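Colleague: Could you take a close look at one part of this protein with me and talk me through what you see?

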Amino acid sequence: MSDLPSTRNGRRIAKLADDIASGRAAKVDKAKIDCNSPAILSFPSYYIDKPFRCNECGVDQVWTARQQQWWYEVAKGHVDSTAVRCRRCRKNLQARKRRIEASRQAGLARKAAVRDRGSDV
Ligand SMILES: [Zn+2]
């Protein structure tokens with residue numbers, strides 16, 4: 001008796017095979033994951049395209065299997081982390097952080113200039 005795809009597990013395996021073939025799933029390489037967390041124990045064996053809603057603009061997005069693979073295995077993202085913002089909101093956040101950092105650096109430079117002038121007097 002075949003259990004493919006007559007059982008729930010069989011259907012799940014058939015769907016996974018289909019998702020892998022179409023790029024909606026990718027095998028996890030745990031050796032490449034930064035796993036200093038017990039969360040690695042419950043980490044899945046496959047990345048599967050994951051729908052989510054951007055927590056800033058509310059737009060519906062898909063965090064693709066390939067993006068997850070890059071995040072965890074190349075960028076060494078924490079195993080507990082997950083996508084929360086769409087690409088546009090992520091870019092905006094990075095730009096805001098860069099402006100804040102540039103402003104902080106400018107403030108430090110002004111402070112140093114005042115301090116240096118003070119020591120000349
Ligand atoms: Zn967004």
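Colleague: I'd like to zoom in on helix α2: which residues of α2 are buried, and what do they pack against?

Modeller: Sure! Keep in mind that this is a predicted model. Before zooming in, let's place the helix. Walking from the N terminus, you meet the elements in the order α-β-β-β-β-α-α, which makes three helices and four strands. The whole thing is more spread out than a compact globule, because its radius of gyration is 23 Å, well over the 14 Å that the globule rule gives for 121 residues. You can see that in the box filled by the C-alpha atoms too, roughly 95 × 30 × 20 Å along the principal axes. And just 6% of the 121 residues count as buried.

Now for your helix. α2 covers residues 65–74, and its buried residues are Ala65, Gln68 and Tyr72. They span an arc of only 60° around the axis, so they sit on the same side of α2. Here's the handy bit of background: an α-helix has 3.6 residues a turn, so residues three or four places apart point the same way.

What does that side touch? The buried residues of α2 pack against three strands: β1 (25–27), β2 (46–48) and β4 (60–63). Contacts across the chain show up in the overall count as well: among contacts with a separation of 6 or more, 47% link residues 24 or more positions apart.

One last detail, just past the helix: α2 is followed by lysine 76, which has a positive phi, near 60°.

Key. Residues numbered from 1 in each chain as written. Predicted model: local features only at pLDDT ≥ 70, side-chain atom pairs only at ≥ 80, totals over all residues. Helix = DSSP H or I, 4+ residues; strand = E, 2+ residues; numbered from the N terminus. Rg over C-alpha atoms; globule rule 2.2 N^0.38 Å. Buried ≥ 20, exposed ≤ 12 C-beta atoms within 10 Å, placed from the backbone. Contact = placed C-beta atoms within 7 Å. Arc of directions from axis to C-beta.
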